[in-house]
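User: I am new to this structure and should like to understand the terms used for it. Please show the model, and then justify each term as we proceed.

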Amino acid sequence: MKFGTKAIHAGVEPDPSTGAIMTPIFQTSTYVQASPGVHKGYEYARTQNPTRDALQKNLAALENGKFGLCFSSGLGAIDAVIKLLKPGDEVISTNDLYGGTYRIFTKVFEKYGIKFHFIPMENPASMADYINANTKLIWAETPTNPMMNIVDIAEIAKIAKQHGVLFAVDNTFATPFLQNPLDLGADIVMHSVTKYLGGHSDTVMGALIVNDEALAQQLAFIQNACGAVPGPQDCFLVLRGIKTLHLRMERHCQNGASIAHFLRNHPKVEKVYWPGFEDHPNHAVAKKQMRGFGGMISFVIKGYKLDDALKVMENLHYFSLAESLGGVESLCGHPATMTHASIPKSEREKVGLVDSLIRLSVGIEDVDDLKEDLRKALALI
Ligand SMILES: *Cc1c(COP(=O)(O)O)cnc(C)c1O
């Protein structure tokens, strides 16, 4: 099956009891047994739920993986990955990453004796300095959030294999439509399903996809033992959202390219971060591992004044000022005070995340309206 066919059909079978073409919302906490231990494969809904099963199979297929596991949020999924580790273990992570991921690593898991190193991964060779006998996991985001750096997944996967270290990629920004880390050698793909996969800003959910059966079993054990599972209604909404993932992503990419060029040519814009530009420092890697450049763009206003950035954000209409990304509607955000506020200012500025940086999640509206919105807001400064 090709991507669009998988988005619509993978994991989804007509309901055996009625023929319903859409997977029902199995809103039940438990399942009746004929005799103790004699049942239809379902015992308790934290452990298994048919609506969730369909979604997990669908997500696995989209990432070309064998096993999918859904969690109550993206952070719930990340939590499960780190729980594979034990005190004394070390993790190497991208230094430019989602603020909540930085927070769970440093504020939760450091307390349990796990050590995290945050490094720029654009140059994979630099990683060798941080790998030692305690290194158990490499965690990468690409494109990174919000600086849109690109990490070479295949190169890092090689280094991880050489050292027997697990390699996980947060694929939230790219989505399986643009990039499949498992095909490039990663062991675990993580998604904040809340974003592009759900696609309609109406659900919070996370997912992990893997190929290795033993790893899938360990993660399924954690999923059940720790209990961060999504409800069936949310699984239904995401199954529905995914049916148009390929169509939405095509438009996100088109609109993203158009807005990136518009901003770059605007006299009041200092710098635009978007991996589709030929002079983006990692453009060649992006071209090699991605099938498009997505709809996420960051930019800095000329003069670097925070007040100017705030004024622009307050005066945009179609770009609503809100956390999150990946929905059909356009959003703008201010990483320094919103998504990345949990990262210290000194750390933020090391990667170029200045206070005047604005992040856009370009939606699938008519792009001329989006450009007009930006043009009007920029005219006010
Ligand atoms: C939103 C996000 C997360 C966290 O996911 P939640 O669903 O909000 O828990 C992790 N990584 C990235 C890149 C994100 O954008």
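Analyst: We may begin with one contact: the side chains of Asp89 and Lys136 are joined by a polar contact of 3.1 Å. This is a predicted model, in which local features need pLDDT of at least 70 and side-chain atom pairs count only at pLDDT 80 or more, while totals for chains, interfaces and linings use all residues. Residues are numbered from 1 along each chain as its sequence is written, and side-chain values use heavy atoms, with hydrogens and water left out.

User: Why is the pair Asp89 and Lys136 called a polar contact?

Analyst: A polar contact is a pair of N or O atoms within 3.5 Å; within protein, one must be able to donate a hydrogen and the other to accept it, and residues adjacent in sequence count only if both atoms are side-chain atoms. The separation for Asp89 and Lys136 is 3.1 Å, so the pair meets the distance limit. A polar side-chain atom of Asp89 also lies 2.9 Å from the backbone nitrogen of Lys86.

User: What makes Asp89 buried or exposed?

Analyst: Buried means under 20% relative accessible area, exposed over 50%, and partly exposed in between (1.4 Å probe, protein chains only). Asp89 has 4% relative accessibility and therefore counts as buried. Its place is the loop between α3 (74-82) and β2 (90-94).

User: What makes Gln162 buried or exposed?

Analyst: Gln162 has a relative accessible area of 63%, so it is exposed. Gln162 belongs to helix α5; helices (H or I, at least four residues) and strands (E, at least two) are DSSP runs, numbered from the N terminus.

User: Why is the pairing of Lys83 and Asp79 called a salt bridge?

Analyst: A salt bridge is a side-chain nitrogen of Lys or Arg within 4 Å of a carboxyl oxygen of Asp or Glu. For Lys83 and Asp79 the N to O distance is 2.6 Å, so the pair qualifies. Lys83 is partly exposed at 36% relative accessibility, whereas Asp79 is buried at 16%.

User: How many salt bridges does a search of the whole structure find?

Analyst: The search finds 11 salt bridges. One of them joins the side chains of Lys288 and Asp152 at 2.8 Å, N to O. Lys288 lies in helix α10 (residues 283-289) and Asp152 in the loop between β4 (135-141) and α5 (153-162), so this pair ties together parts that are 136 residues apart in sequence. Lys288 is exposed at 54% relative accessibility, and Asp152 is buried at 9%.

User: What separates Glu155 and Lys158 within helix α5?

Analyst: Glu155 and Lys158 are three residues apart in helix α5, which means a separation of about one helical turn. Their side chains form a salt bridge of 3.0 Å, N to O. Glu155 is partly exposed at 30%, as is Lys158 at 48%. Elsewhere, Lys345, Arg348, Glu349 and Asp355 are joined into one network by salt bridges that share partners.

User: Which residues surround the ligand, and what makes a residue count as near?

Analyst: A residue is near a molecule or strand if one of its heavy atoms lies within 4 Å of it. The residues surrounding the ligand include Ser73, Tyr98, Glu141, Asp170, Thr194 and Leu325. A polar side-chain atom of Asp170 lies 2.6 Å from a nitrogen atom of the ligand, and one of Thr194 lies 2.7 Å from an oxygen atom of the ligand. The protein covers 93% of the 370 Å² of accessible area that the ligand has on its own (Shrake-Rupley method with a 1.4 Å probe; for residues, only the protein chains shown count as cover).

User: Why are Thr175 and the bond between Thr142 and Pro143 worth a remark?

Analyst: Most residues other than glycine have a negative phi, and most peptide bonds are trans. Thr175 has a positive phi near 65 degrees, and a cis peptide bond with omega of about -5 degrees joins Thr142 and Pro143. A cis peptide bond also joins Asn145 and Pro146, with omega of about 10 degrees.

User: How do you know what confidence the predictor assigns to the chain?

Analyst: The predictor's confidence in each residue is pLDDT, from 0 to 100. The protein chain averages 96, and 100% of the residues score at least 70. Confidence is lowest in helix α12 (residues 345-350), at a mean of 86, and highest in strand β7 (residues 206-210), at 99.
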